[in-house]
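Fresh page in the notebook, and a new model is open on my screen. Here is what I looked up, in the order I went.

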Amino acid sequence: MQLPGSPFFAYHNGVLCADGLPLPALARQHGTPLFVYSQNAMLAALAAYQRGLHGRDALVCYALKANSALAVLQTFARAGCGFDTVSGGEIQRALRAGAKPETIIFSGVGKTRSEMRMALEVGIGCFNVESMFELDMLNAVAVDMGVQAPISIRVNPDVDAKTHPYISTGLTSNKFGIAHTEALAAYQKAAALPGLRVIGIDCHIGSQITEVAPFLEATERLLDLVEQIEAAGIPLQHVDFGGGLGIDYHGDTPPAADTLLQQMLVRLDARGMGQRKIVLEPGRSLVGNAGVCVTEVIGLKPGAVKNFCIVDAAMNDLPRPAMYQAWHAIVPLQANAGAEASTYDVVGPVCESGDWIGCDRPLAVQAGDWLAVMSAGAYCMSMASNYNSRGRAAEVLVADGAAHLIAERETLADFTQRERTL
Ligand code: LLP
């Protein structure tokens, strides 16, 4: 059977394995729903970026919103990554996982004063400023603390990333960044503010982008701006091209990171900017196909119009189908010869019709069988919730040939801990 994405999840003797370790044994030991990640798959994905950046002054800042498990962050920190963060919580998480503060960049359209203060106190590498008001706010906080905030401006290049509207961020109609037509004025304002130190320029046009063209368009637009801004006497040390590279969920064919970078870097070289520091903010492409969610079939419910395969994972564990009509492959951990083949909507126990994981899937399963929801390493656990008072799933990372429990299953005691009865 052809599985999407990663060679690190494959059948051996008819049993689906994560990096060689059989998933049924992990499901038996830890229960389900269970997320299982492969560290080797993450490092292989990172290696494609590193190959593309070989010989350049560059920093890959893993966008930890994709998967913020501490052990995952540790993996990337040890491999030399910095981190792209969008909240005070993410900055603290990255630090707890061993990130060097100067490798942390702070993006986001609504940073609060207290987040800004904390980020300045710990000494992060760069604020990606997203609006005019944020320039003034950050300046005031920095002046008050007697320091200068290192900044780049996130420019909205007005490029169509040709992706789902909820995850497209680089159009004028999106809330993100400062319009490219206003960028020069924003840089002139920033350069005149005593609490700010301009060090770079940034953009991010969307997520799950599978074509090369939008990246190249954004690159050209950003480089045009670098020329304009520097001609106005404001030097820029780094250019941050954001993240957004897609993965194969369902026959998608995104470019490999090294191939994409090669094409982007040709454009830098052509303008004599090849020596400039390059920053990237990939999330999904580093972890998406490095994880699966193992779930148990609770029961089968045949119907006049639809057959339902009800499983113990739900939209609180795997929110992407409900939120973006996303497609994840769903495969059995091992074939069940005694089960009849049929077409099912694979759904969770949550009380919403939107709680589906996959529609019209051919499966031969019975109650008690295990299924793997593929490509579940990005934007699944990091977006998981306790809806319907469901504890969040346990997480295992396969590293150095062994399975490590990196997050215990959340209990009722865990998720009611903050609450008080009257
Ligand atoms: N940098 C910034 C400023 C971002 O907003 C994002 C993602 C990234 C980097 C990383 O993008 P990536 O390489 O992962 O595409 N929950 C959605 C995706 C939301 C992406 C938000 N921003 C999903 O599950 O498809």
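Which side chain has a polar atom 2.8 Å from a nitrogen atom of the ligand? I noted first that this is a predicted model. Then I found the residue: a polar side-chain atom of Tyr-324 lies 2.8 Å from a nitrogen atom of the ligand.

I turned to the ligand's oxygen atoms next. For Gly-283, I see a backbone N or O atom 2.8 Å from an oxygen atom of the ligand. For Lys-65, I see an N or O atom of the side chain, and an oxygen atom of the ligand is 3.5 Å from it. My cut-off for a polar contact is within 3.5 Å.

How much of the ligand's own accessible area does the protein cover? I get 92% of the 590 Å² that the ligand has by itself.

Next entry: the surroundings. I located the ligand in the largest pocket. I listed 17 residues around the ligand, and the closest are Ser-207, Glu-281, Arg-284, Arg-320 and Tyr-379. Sorting the shell by character, I wrote down six nonpolar, five polar and six charged residues.

Last entry: the whole chain. I read off twelve helices and 21 strands for the protein chain. Why do I call the protein chain as compact as a globular protein of its length? Its radius of gyration is 23 Å, and the globule rule gives 22 Å for 422 residues; the two are close, so the description holds. I also boxed the C-alpha atoms along the principal axes, and they fill roughly 75 × 60 × 45 Å.

Methods: Residues numbered from 1 in each chain as written. Predicted model: local features only at pLDDT ≥ 70, side-chain atom pairs only at ≥ 80, totals over all residues. Heavy atoms only, no water. Near = heavy atom within 4 Å. Polar contact = N/O pair within 3.5 Å; in protein donor to acceptor, adjacent residues only side chain to side chain. Areas by Shrake-Rupley, 256 points an atom, 1.4 Å probe, with all protein chains shown as cover. 1 Å grid on protein atoms, 1.4 Å probe; cavity = no way out; pocket = protein on both sides within 12 Å on 5 of 7 lines; lining within 4 Å. Sits in = over half its atoms within 2 Å of the grid points. Nonpolar A, V, L, I, M, F, W, Y, C, P; charged D, E, K, R; others polar. Helix = DSSP H or I, 4+ residues; strand = E, 2+ residues; numbered from the N terminus. Rg over C-alpha atoms; globule rule 2.2 N^0.38 Å.
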